[in-house]
Amino acid sequence: MSSPTEAPALSPVELARWAWRQLTSMRTALLLLLLLALGSVPGSVFPQENIAPADVTRFREDHSTLAPIYDRLGLFDVYSSAWFSAIYLLLAVSLVGCIVPRTRVYWKALRARPPQTPRNLSRLPSYTRVEVDEDPHAVLLRAAEVLRKRRFRVTDTDDSVSSEKGYLREAGNLVFHISVLVVLAGFAVGQLLGYTGGRILLVGEGFSNYPGQYDEFAPGRLLDAEELAPLIFTVDDFRVDYLTAGPEIGQPKDFVATLTYREDRDAPEQLFDLKVNHPLTLDGVDVFLVGNGYAPIVTVRDGNGDIASKGPVVFLPQDSSFESFGVIKASGARPTQLGFEGEFYPTYQFTMETGPYSTFPDALDPRMSLLAYAGDLGMDTGEPQNVFLLSKKKVDLVMKQGKEGSSKPGDAFRIDLAPGEKKALPGGLGSIQFDGWQRWVKLQISDSPGEGIALGGVIAAILGLLCSLFIRPRRVWVRARREEGRTVVEVAGLDRSSAGEGLDDYVAALAGELTAPVAQEVQ
């Protein structure tokens, strides 16, 4: 048996009502909005599967302990994770539960008349009293006219006038909250019906907008991937200008990728200069220039002298000087497969302290430095592989041949090449030749059908916030009556939004405006 001081336990219905009140409170809505903002931070800190799968793979290999934890927390796919979706949905429910009753109250307030004049106006925060010789009825008529000119809603009686204004403040609050819902709805539409994809294209390569053409593709859950908007283009050229002097030497001044595009197969070709902040937009699809780099052109011959691999290979930049890392896979080499891993240096330099590095991002003196591997590259198993990583489970590092008569192997065989140079591998494994280089660009192709909804919500939210910040809801009462042969005019005001800054001056000015015509008649 519980003690008399213990509160009785809540019934399930009472508990549900209490939980609903907590969820729909303004404090909870603000907390959930803050959590949503904080929850978005990992999406920009950690690489995301749908945007940079190669970076995710590299992170997993470099951080074998942390990566499984991050996977369980959904940090590699933040916006589709269960915890982010929970915050998102709870915020939507909280806003709806807050907006509906407030809208009902606001609608009643709009239809209601201004409150009746209090019996004792002198008890209100701002109050003034004047005496005139004019008839009380004339004073009240003038008071109603003046208040209407000041955009008050007015109700008058035989001895007083009641007025109120500032209804748009609460309307602004409601618009702001509804706008947050609109933004969430726009985000949801984009996630369900939109898509984002990325593709690395060499200069001269073309692209058609269907899923098989993407390097990475993240469709919305309700998107029909077979009905993407038609878009066909070719990267004709890529130009980049770098600063060549001053403290910011090596920084890019401008990136331009020239595209030849068609809206569909039967449309005429058109030219477009694609820049970082100047995307190509066709039928709601945006094409952004998000990256660029170098693709060394190499020829790999196997131990039989046959060409096992030939052509440009994309290398990924590692720093602002565009020192780039890449992998070359010659799975067709015989008698054993060959793989190469190393760096491309656009403007090569070497010191004993730092080793090889690049001093400038433009290809003024390009070189390659590679390590060779021989064995099974694991490309015949049918399992997907990252093109930027070399599987080393069943391969051996190619070593220099030891000195004659020595049983110890030499050091790792490093291949340093300038354009046009060729180097043979030890043991008759084959050779590799650096033929030249090409530029590549990384493009992001996205369709966000909800972005217009979200933008409209943001604009409406700003307008609603301005209304709620700068509109002051006020009530003003004017009473006029005869006392001892004179008319006593009482003016009082109540500011419902703040501590009443400026309200005393406002009431005094209003009282002066009511008595001004009398003063003019006396003069």
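Visitor: How many residues line the largest pocket, and which of them lie nearest its centre?

Guide: A pocket is an open set of points on a 1 Å grid over the protein atoms alone, with protein on both sides within 12 Å along at least five of seven lines; a lining residue has an atom within 4 Å of a point. In this predicted model, 40 residues line the largest pocket, and I200, V314, L316, F388 and W440 lie nearest its centre. Two or more lining residues come from each of helix 3 (53-62), strand 4 (195-202), strand 11 (285-302), strand 12 (307-312), strand 13 (316-317), strand 14 (324-330) and strand 22 (430-447). Helices (H or I, at least four residues) and strands (E, at least two) are DSSP runs numbered from the N terminus. As the model is predicted, local features need pLDDT of at least 70 and side-chain atom pairs count only at pLDDT 80 or more, while totals for chains, interfaces and linings use all residues. Residues are numbered from 1 along each chain as its sequence is written, and side-chain values use heavy atoms, with hydrogens and water left out.

Visitor: Which element gives the largest share of that lining of the largest pocket, and how does the lining divide by class?

Guide: Strand 4 gives the largest share, six residues. The lining of the largest pocket has 22 nonpolar, nine polar and nine charged residues. Ala, Val, Leu, Ile, Met, Phe, Trp, Tyr, Cys and Pro count as nonpolar, Asp, Glu, Lys and Arg as charged, and the others, Gly among them, as polar.

Visitor: What volume lies in the largest pocket, and what volume in the second largest?

Guide: A volume is the space filled by probe spheres set on the points, which are joined across faces, edges and corners. The largest pocket holds about 1100 Å³, and the second largest about 800 Å³. The second largest pocket is lined by 30 residues, with Y79, F187, G190, Q191 and L192 closest to its centre. Helix 5, helix 7, strand 4, strand 6 (216-219), strand 22 and helix 8 each give two or more residues to this lining. Helix 7 gives the most, six residues. By class, the second lining has twelve nonpolar, 14 polar and four charged residues.

Visitor: How many cavities of 30 Å³ or more are there, and which residues line the largest cavity?

Guide: In a cavity, a 1.4 Å probe fits but cannot get out. There is one cavity of 30 Å³ or more, and the largest cavity has about 70 Å³ of space. Its lining consists of M26, A29, L30, L33, L91, L95, F176, H177 and V180. Helix 2 (26-45), helix 5 (82-111) and helix 7 (167-193) each supply at least two of these residues, and helix 2 has the largest share, four. The cavity lining has eight nonpolar, one polar and no charged residues.
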